[in-house]
Every structure is written in C-alpha cells, then in structure tokens.
Amino acid sequence: MKNDNRAIRWRLNGMAFAILLPLLWSPLQLILLHNQMGSGLLFNLQNWLCLLVFALAIILYVTSYILVLWNGRMLLAIIAAIIALILTVFSLEIFVPNLQKGSEAKLRQLVIQHEPKIEVYCNDVYLGETPLEISETEFHDKVKPWDTPPRQKMVIGEEIIQDIKTHCYGLSNTELRWFYTPYHYFDRHRAFDEPGFSSYYDAVASGYWWRFESLGCTGFAAIGNMVSQTYSDDRPFRIWSHPHLQYPSIQPYLRHLLHDLKRSDYQPSGEWRTHVGKSSRLLFRHVYEIGQRDPRVMRALEMAIKTEFDIRKGMSTQEWEAVLDKAMLQLKKRNAFNPPSPEIMLMDLIVTQNMKLIGTRFFEYVGWRNSADAGWGFAKFMHLEYAVLKNPPPTLFKRLVYELGRDDRFLRMVGNYSRPEALQLVRQYLNEFVHSNPVVNFISPSMKSADRWKAVDIVTEMRNPALEPELRRFVLKQAQDDPDRSEHYLRRFINARLERTLTAVESDSLAEWIAETVPFPEFDKLQFLTRINSERVYRYARDIFLRHPSYLHNVAYTFITYPNPSLDLFLIEAYQAESANVKFGGLVPITPPQKYIGNPRNLNILLRGMLLCDTPRMYAFLEGMWSASYGNKISLLEAIKQEAPNHYPHLHRWTAIISQIEDVDTRLAAIPVFDQIDTPESLAILGDWALSSDAAVKREAERALENYRERSRRAKELLAGSIKPDDLLVGQTAYVWNGKDYVPETTTSGSK
Amino acid sequence: MDQRRRYISIEILKIDVRKVLPYYAPFLLLTVGYVLFRKTPLGSEDWKVNLIACLQGMVVAWALFNDAAGTGAFIFSRPLSRKRLFLIRWGFGISLQLLTIVAVFVTIAIGLRSGIQMLMNSPYQPMVKWYELSVLGLIALYSILSYQIFMFLKLRLHIVSARPRAWRDLVGTWLVTWLVAHLCLRVLNVPIANGIQDYLMVVYVALVTILGTLASLYCYRHLEIET
C-alpha cells in the first residue's frame, strides 16, 4: 500500500542520503592520494574530463539510489548503477594517471634529478640544488646567455682522465675534461641526434654553460647525457635531466684523506670522521671499495658513519629509533637503493646492535595496507628489507609466513630462516611452480613467463645453504624452460652468490656446480670460476686453460679485479709459461699469430694478479723472482707501483724488501713506489735515501718527501675546510675559445 | 505486566528464531567451512569471505523483517510497543552477526582450523594462527553494514512502495545494499596516509548502524500492517 505522506517520504529519503555519505569521500580521497604523490591536484584541475566522468559516476550512483528509494524504479536504477560502476572503474583506472599529470601547461619545465643536494649553476647563476625543478620562464628570467664561451680549465692529469674513461664508455672524453658543459635544455630537449644538433661545438653556440658542484667537487657532465628522458604525454611538458656526473677531484681527494688516515695509524681523528661522514654521499662508495681490501680503512669508515648518525656505545632503544628515523628520512629524499651506501652500513650496524628494532620497524614502515606509501620499491622499505634478508629476526618469522600467504615475494625472506617450516614453505612453492597447471600455462604463456621471472627473482635472493641444491635445480629447470632468458637467470643467480661471503664448503659446491652442471660455454664458466676462492677452482680453471690457452689473455684482468688466492699455483704456472713464450701447460712454441701470449702487457697483468694473491707460496715465488734478476725487480716495482694506490695492506710488506736495494737505478725506480705506498715506513726509507751520496737518488727522494709533506699539509687544509677538493686537481691549464675551439690561454687573448 | 511482556518477547523471539534459522544456518556453516578449509592464510582482503558475510547480513535482515500477512498481524497485535518489537528483532539480527564472528574466532583460536590444515599438509600452520584473526574485522564490518542497510531499505520499501514484495523491488534492494556495502567499503579501504582508512571504515559502519537503526525504527513505527 502506497503511503502518500510527503513529509514521511522526504524524511526517509534524507535518512537514505545520510547512509550514502561515504560516497562523497571518493573525490576527496582522490585529491588526498594525488597530493601525496607530490604535485597537488588543486593546481592541475584543468583535466576536466576526468573530474566530469567521476562526478557523473557519483551522480549516477546517487540517482540509482533515489530511483530505488523514491518509487521503486528498479530497471532504471540497475542501469544507472551499472553505468556508474563502469564510469568509476574508468575514472579510477584510466583517468587518474592523467589527472596526476596535471594540465596542459604552456610553459615547459626542466627537472634535474640526481643525488640530492648537488648545486646547479648555469652561466654561473646558482639555480638551486637537486632535485631541481625550474620553468622555462623562470630560467630565462634568471639566466642570460653568454655571447662568448667562458674561460675554462682543463683537467689534464692522465690518471684522472684514465679514471673517467674507464667509467664512461662511449662518451666523448673531451667533454668530460671541462668544468662547464654547454647545453640548451629548452632548445635541444628532444634528442641528441636531432637535425641541427650534432656536436659539442653546436652546443657551444647555445650560450648556456652548466656546472654541477657537490661538496666542493665539480662534476663533469657529457652533453650526450644531459637529457635523460622526455615524455610526450607529460603535462606540463617536462624535460627530465639526469646528468651522469664524474668527479675528477674524487681521486686526489681520497688520496689525501687516506694519507691523513695512514699518518694517524688508521686511528681517525674526530675531524676526519666528521668530514668523511658529512661527505659520505660522495665518498662512501670509493672508501668502501678500499675498505673491502683493507679492514683498517673499513673500520675508520664505520667510525665516520657512526659519527654522522651519532651512534655511541650503550644507546637506548629510543636513541636507536631516532637514528633509524634519521636514516629513513634521508632515504625518503634520496629514494634510491644502491648498495653500498651509508644507510646500508647503518643497517648492518643496527642488525648487529639492535636487531629487534628492525623486526618491529619492518612492518611498521612497510605498513602494508595501512599507508599510501606502502609498497615495494621505495628506498626506505628496501633498506629494511635488506636488513631482514641479511639477518632474519626470529620475532618476525610468523608474521612473514602470514604475509607470504598473500604475496609470494615474502618467500625470499622466509626462505632465509633455517627453521624446518621455512624449508617446507620454500619446497612447496618450488614444487607448485614446477607443477603448475599446464592448461593455464598454455592459455597464458606471458603470465607464466612473468611468474617465472618473479620466481627466479625470489629464489636468487635466498641465502639458505640448506636449500641451495634445490634452488639450483629450480633455476636450471627454469632456464631450460625459458631459453630466451636462460642466460640471464643463471648469470643473475651465480652473481648473487659470488657477491656474498661464502664458506669454504659453499665455495667448493658452487665451483663444482658451475663447472659441471651449468650449461655455459667454457669461457663464461671460467669468468665465474676465477672469482671463487676454492681449492677446486684450480683444477677446473687449469683444465679449461689447457684446452683453450688463448682464454688467458681474455680473463687475465679478472685476476686483478678479483684477487683469488686459490689460483696462486695456476698464476705461477701461467706466468712461467708466458715468460717462457710457450702455451700454457705445455712446451708448444708460440706461433706468430698467437703473439698476444707472452707480451709485456700480459706479463704485467699476470704479475699484478700474482702480487694481489696473499699466500705464502706466492710470496715465496715472488721473493725468488725479486732476487733472480734486475729485470724482474723492475717488473715487480712497476707492478707494485700500479697496485699500491688500491690499498692492499699485504703489499706493504714489500717495503722491507725494497729498502734493501743498493744500486742506484733500482732505487730510482723504487722511489715512486714508496711515494705510492705512502706509509710512515716508506717515509722513513725515503728519509734515509735522501741522505744518499748519489745525487739523483738524493734529489728524487727529497722530491718524494716534499710531495709527502705537501700531501700532509693539504690533507689538513682539506679537513679544516680551508681548501676545496677541486683545489687538489693538478695541471689545470686555462683554456679560452678562439672562435672555433678551446685553445690554451697563452696562445690567444680575450678570455671571459 | 512486565512478566507478561517478557513472556511475549520470548515468544516473538522464538518465532523469529524459527523463521530466520533456516536462512542463517547455511551461511554460518558456509562461513565456518570456508574458514576451516581455505588452504592459504586468511586475511582481511579475502573477497570471498567478505561476500559471504555481506550476503549473510542481507539474508538475515530479509528473513527477520519479512512477515507473512497473518504473522505480521499477529505480532503487531501483541501488547508490545513498536519500539520494543523492533529492538527485539534488530537485536536478534545483530546477535546473529556476532554469533558468526564468535564462531569464526573460536574455530581459529582453539586451533581447529590449524589442526585441519596441518592434516591437509598446509605449510603455513600453525605459525599464522593468530594473524588470521584479522579476517574477523572485515567480516563484522561487511555483515553489519549490509544488515543495517538492507533492513532500512526493506522497511522503507514497505512504506513508500505500492507493492513492496514485487520481485523487482526486492532485487533492487538487494543490489543496492550490495553496491553500497561493497563499494563503500572498497572505496574506504583504499590506503591513505597513516592508515586512517581503517578508522574511517569503523566510523562509517558505526554511523550507518546508528542512522540505519534510527531510520529503521522510524519506518517500523509507520508501517501499515496488512490483515
């Protein structure tokens, strides 16, 4: 029976609307979501289409309810609700990304992204620190083009150029010698190979000269790398730049810092710790690399990081939490997970000192469904993940298993526990994956392929020795089933293991697996095997070299990059064969086309690899070599000089042997070696030789001593902040533009 | 007089139990069965269990407030106020929703689920036992929300519609309830800063419960009873 009382009806409808209240939440929520993503929806509301569609959906929803509530217009209500549902899905899934991009702006924007806090200058006008965002109008208001290219200094030091070359394959090295890089972002943003834009000299005509500086180090940029990417559908049009900077002053900077460290017998002063801690974003990777070879340097670096994060002995839980919060804040700004880094070292410290904190913070930060920040790929989460992966907290196990039920990616963390339940979970996962439904696989091969990629990714990161044989079998099976990615899967899996610290048993097992099971060509196997410190590697490597002597030439440099004590005997045999001009493993004479064997460069590389093998057998052999002939002494001195800057502590024992040299020529060859070794002991010997009766030895030793004193003085100035790292660059010749090219200042006049 | 009222209330409750139980029991069994035999860990994002909860809320509201012509006249002619009648039925409906929650809680907490899953060789048990209780939250929200909305819409339909039992009205009410309950919770469940969406959902369900109850009571007072 119909009730005609309008008052009651209105009242009822009012109540119905009250219940529909949360629907109003949807647009508000979009705004909130968007604001969290950074650029602010309120400024980009011009994307009316999206908002209109969403508003229409809301209206339709409300209409459908009105129709139902008002007079039972059901068919219309159902149609309206379905349309509204479709519109909502469309607006959420399709239009929201457009919404986030904002409106079609008339102005273009330049966005320079890099490590944070790099100072950006254009035509010597300070534009700000990275990440820098500047509109075209603002840029032209601030910066006026230069009519004449600026006077520049060229960094000539061969060592520096060599360092840049090795890190910048395929770049024009000439560009990387200058402090200023010419580029017009708003003119040349599309592509480097665009018509009318072909070279450095073309860029010079733009009149805009860029300079990037970080902590007193100028970063050299190549024109080819000034623009990283632009997206045609970016609104407003953004020119994204990520100049790959190379810092030529890093090497001298490091040398001076380490010089100071050596002088204090690796007990870093407070000044040193503070300085390195503050400069860690620039220096960390380099110092860490040296620290891996020299534990004393690593210890000093740790002290610097502790100083930077204010870590002391006997800290309370609250203080540790404050430290972690500070690191998380830094990571949020940096948003990069790129080990090794100060934050990774901090995580390692926290893992050893306060593991419980990582356990409690892991889910708090990851937040799961409780935060819009939640998700994988965010740097701060990845660092916490790293800590959990490296040292799984016992308190976290049950929660991780629970989360594994929703997301496979937790398996890599669960799989690192040695508990039987964890092993069972991993085994079940592997088993289910291998025996997945063949019909589904047939229907959707791409999905299977994506799943396989993810599965191999998960398995690769597991560090559970108890599961290793099964993981290997699994990866091999996946590699067989997916020939296109087979090599990638296996390489990733092996590299992940080579990067870890393996026990002797693990090393033996890995070497055996690579040599006997992995379906790689022998050359590829050799490249992996030479990096494994295992007794078995000698036999495998020797067998391969016997079959393919020419491989020695190709992998020789690996012995320097990855010194391997287990290959000492092999290196000795290889060196003997090389120096005797015979093929490795036999007395077959070398024929002319194989002249690469036995050439001085190869011998030098082998000798350097041998020097880095710190075993009694190798030391005895090299000592024998040293005393055998003058030529050997010179070769060894050259090799030590080349490797001394890399801070292998065991090389310092050569100081005593070299100090016994009596003849002038050898002493003259040894003085640069002491200069490179740069220890108080080498300084003492140089002091003795400076009193030598031979004038040449006296002069060179005094010069080396003077260099030593100069380094000490400059290191102090550097730590005190009275000079910048760029001031350490030697041989900076001023160059000026002569209308066609940069030429040394002495040959022309008219500099800017 | 009070004793007589109490007696009548219990009798009405008995009528309601007999009326609702055939509809409610299958859903209870379905929910508990699902909880017992689901292989992977239970979680709040499990749409199947949420759907069952949503349907359960609607079915209970429909069965509870859907009197046959004779029954309606009999109940409303008892010496009880409309408000008291409504509260008896509403309370009973809410109790049934809570009963489901308790049943699921007991199934998980006493280790029944863990035991069965371990017999089925599930590698997750018993580690995840206590974390699985998170499933209770959304079951409660979905069932109570759908119960409240359906109850209101059904009672409202009795007042505003000429033929409240026509199939299209009924289907429409079901559909609208599902849309409101499901979409609202889905929309509210989108993660935002500091996890406030969890509180938003609870606040929203509390709001709907209060508003829906008041609105339903209003409708109940204005119902015209067919004789």
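**Exercise 1. Find where confidence is lowest and where it is highest in chain A of this predicted model.**

Step 1: Start at the bottom. Helix H6, residues 158–167 of chain A, has the lowest confidence, with a mean of 47.

Step 2: Now go to the top. Strand S2, residues 119–122 of chain A, comes out highest, at 93.

Step 3: Put those numbers against the whole chain. Chain A averages a pLDDT of 78, and 74% of its residues score at least 70.

Step 4: Look for stretches to handle with care. Residues 189–193 of chain A stay under 50, and the model gives them six contacts beyond four places in sequence. Residues 585–598 of chain A also stay under 50, with 21 such contacts. Where pLDDT is low, the predicted coordinates shouldn't be read in detail.

**Exercise 2. Work out whether A:Trp240 is buried, partly exposed or exposed, and describe its strand.**

Step 1: Count neighbours. A:Trp240 has 17 C-beta neighbours inside 10 Å.

Step 2: Apply the cut-offs. Buried takes 20 or more, and exposed takes 12 or fewer, so A:Trp240 counts as partly exposed.

Step 3: Place the residue. A:Trp240 sits in strand S10 of chain A, residues 238–241. In a regular strand, side chains alternate between the two faces of the sheet. In S10(A), A:Arg238 and A:Trp240 make up the uncovered face, while A:Ile239 and A:Ser241 make up the covered one.

Step 4: Find the partner strand. S1 of chain A, residues 109–112, runs parallel to S10(A), and four bridges join them. One pairing to look for is A:Gln109 with A:Arg238.

**Exercise 3. Describe how helices H33 and H35 of chain A pack.**

Step 1: Get the geometry. The axes of H33(A), residues 664–677, and H35(A), residues 695–720, come within 10 Å and cross at roughly 0°.

Step 2: Name the arrangement. Because of that angle, H33(A) is roughly parallel to H35(A).

Step 3: Pick out the residues in touch. On H33(A) they include A:Leu668, A:Ile671 and A:Phe674; on H35(A) they include A:Val697, A:Ala701 and A:Ala704.

**Exercise 4. Say which residues have the most contacts inside the largest nonpolar core.**

Step 1: Take the core itself. It has 152 residues, and A:Val414 and A:Leu529 have the most contacts inside it.

Step 2: Zoom in on A:Leu529. Beyond its neighbours within four places in sequence, A:Leu529 is in contact with A:Ala511, A:Ile514, A:Ala515, A:Val537, A:Tyr540 and A:Ala541.

Step 3: Look elsewhere. Apart from this core lies another, of 48 residues, including B:Phe86, B:Val104, B:Leu138 and B:Tyr142.

Note on methods. Residues numbered from 1 in each chain as written. Chains lettered and ligands numbered in written order. Predicted model: local features only at pLDDT ≥ 70, side-chain atom pairs only at ≥ 80, totals over all residues. Core = buried A, V, L, I, M, F, W, Y, C linked by C-beta atoms within 7 Å. Contact = placed C-beta atoms within 7 Å. Helix = DSSP H or I, 4+ residues; strand = E, 2+ residues; numbered from the N terminus. Pairing = 2+ DSSP bridges. pLDDT = per-residue confidence, 0-100. Axes fitted to C-alpha atoms, helices over the stretch in contact; angles between N-to-C directions. Parallel < 35°, antiparallel > 145°, perpendicular 65-115°, else oblique.
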